[in-house]
Amino acid sequence: MNTTTSAIQASNLTKKFGTLAAVDGLNFEVHPGEIFGLVGPDGAGKTTTLRMLASIMDPTSGTASIAGFDVTSQAASVKDHLAYMSQKFGLYQDLTVIENIDFYADLYGVPRKGREIRINELLDFSHMRPFRKRRGGNLSGGMKQKLQLICALIHTPKVLLLDEPTNGVDPVSRRDFWRILYKLLKEKVSILVTTAYLDEAERCDRVALMDHGKIIAIGTPPEIKKLMQGRILTIRSREARKINRLLQENRSAFIVNVFGDTVHLVCTDIKATEEQCRALLADAGLTYEQMQEAPPSLEDVFVSVLGSHNQPAEQTKKETDLAAFAHRIEGGSAIAVQVDHITRRFGDFVAVSDISFQVPKGQIFGFLGPNGAGKSTTIRMLCGLLAPSEGGGTVAGFDVGTQAEEIKLNIGYMSQKFSLYEDLTVEENIDFYGGIYGLQGDQLAGRKDWALDMAGIREYKKSLTAILSGGWKQRLALACAILHEPPIIFLDEPTSGVDPLSRRRFWDLIYAMADQGITVFVTTHYMEEAEYCNRIALIYGGKMIAMGSPLELKTQLMREQIINLRCPAPQDVIDILTRLPSVRDASLFGAGVHIVTGDAPSAMAAITRMMGDQAIPIDSLERIQPSMEDVFISLIEGVEGTGGEEVAS
């Protein structure tokens, strides 16, 4: 790797807003042809750093350069060598795909001669050619992300800045997006990416961990993992949340966290901890499928290093506050949501087609599907915001077609965009939503106190909501949605773009609500979160294609077997793996490759021979239980292969 000229160089880079140092003396460099990850909790300063590098915001002090050009004094030259993809889509909703690309080509001064060739290369590169004439506003989230990337790459930059580019994007689209990034690396484009997905950070050449505006660690993913204090004991179980709660209450020399269907314990003595856990689980009558030591992931390091030292106390407070909900949900029907053959059309387009299901009271029900599958449309119908074209159903006993206003008074709804008014203060947002729900006087004052404590932002109650980090906005939005203590809560991608610590705290709150009998209906693109649901429905193309518990979906609907391969530069072996007759598919999964096959022993033998022939070392090769992401991708591809027919119900 040629490191004589850094693609990005930051020296003591600092940005202050008043007395707050949002970015505090950063020093790092990104080499040519390198992908560099910047990770950290909400409010760490990642987006501010990218804005300074993109010459959108001037540093308070320090310097930075892009391709050798100073970001402050040579901003015009910087922009000639740079593409920047921000969190907010810079697309024109009323323009078609090709019109958006042409607009950015004009903006970057791309000559008309040869432009069409470059555009067609990018459309093929991203599999977007069939959508040339579709308006930007009619694209799914994943397609919008890819179009934004095409627009950024139209002038072939040397440096690409990506600010959480896969937020709110389903696993299939995320996989496509990373395939595109690796192709860019081969063209010697340098990439700096911020991400809330720690499995994506595992794929970077190097990673910097940020907190409170400072870099606290920098290095390759294996080097960062050496920061882990202690060893990891994992317990995989369908009762992972119950095990987590038990171990939290009885822990002595270990830290406990839940990762999907697996509990991770950080300890110093694996054998002693394993004996203690086996005894505790046996006494409590809790079962598990596997207990073993595992190497730490970057997410383990993130959670361990940045910590959540006050989480148990917060959790107790939340459970106490939520106990007041109990009187609202006693009695009535045992079914919270009933959906019967519901359909929604927009002109000739069928967004939701003949869906039926029911959700029992007190259940956490996960609604999964790729971008544009019909999840949000279904939720809007159930919340009384959109009338069904056909079919119907009930929510909290009220008819979705004729009793929309009654439904709105008996549910909480938290949309993807958090539904907050950023030009209002925190307190004013709470007052506004309290007024909508008819709260006033002492009742509103009491609920406001509860909301500030639940969101953990009492000290910011007079601050503008716009200054809050994503995690704080998320908890404030949830508090506003449940001020009136509804028995049913709809959460539409509530954790999109928030860091792992914020996601964990948020799900602790969801479980506390479910323990009180509150029904939680949630959509998510984090497949780890799908493991936390009691039941999951998978929707694709507006149709229901699968439903069951996470374990049922992984063990009954996944026809293929999964092999996990760990090796150096896993992205470079995918093409040769897929040429093997016994391999049906191979894709990046964290720092490794998940290989789909119908015959694991035969495939593992072929992979071992092929890797030996190529002189590529194998760090590990083993058959594993499918993850929810494996199941998601397999079911979606199965439906596409059958022309959209249902594969399960």
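A search of the whole structure turns up 13 aromatic pairs. Keep in mind that this is a predicted model. I will go through two of the pairs, then a cluster, then two charges over rings.

The pair to start with is Phe432 and Tyr433. Their ring centres are 5.3 Å apart and the planes meet at 85°, so this pair is edge-to-face; the cut-off for that class is over 60 degrees. As for burial, Phe432 is partly exposed, because its relative accessibility is 35%. Tyr433 has a relative accessible area of 13%, so Tyr433 counts as buried.

Next, Phe490 and Phe521. Here the centres lie 5.2 Å apart with the planes at 40°, so the pair is classed as tilted. This pair links distant parts of the chain, with the two positions 31 residues apart in numbering. Phe490 belongs to strand β21, residues 488-492, and Phe521 to strand β22, residues 519-523. Are these two rings buried or exposed? Phe490 has 0% relative accessibility and therefore counts as buried. Phe521 is buried as well, also with a relative accessible area of 0%.

Phe490 and Phe521 also belong to one aromatic cluster, together with Phe357, Phe365 and Phe367.

Now the charges over rings. Which residue lies over the face of Trp178? That is Arg203, at 5.4 Å from the ring centre. In another case, the charged end of Arg344 sits over the ring of Phe346, and the distance to the centre of that ring is 4.6 Å.

That is the end of my list.

Technical notes: Residues are numbered from 1 along each chain as its sequence is written. This is a predicted model: local features need pLDDT of at least 70, side-chain atom pairs count only at pLDDT 80 or more; totals for chains, interfaces and linings use all residues. Side-chain values use heavy atoms; hydrogens and water are left out. Rings of Phe, Tyr and Trp (its six-membered ring) pair if their centres lie within 6.5 Å; planes under 30 degrees apart count as stacked, over 60 as edge-to-face and the rest as tilted. Buried means under 20% relative accessible area, exposed over 50%, partly exposed in between (1.4 Å probe, protein chains only). Helices (H or I, at least four residues) and strands (E, at least two) are DSSP runs, numbered from the N terminus. A charge sits over a ring if NZ of Lys or CZ of Arg is within 6 Å of the ring centre and within 35 degrees of the ring normal.
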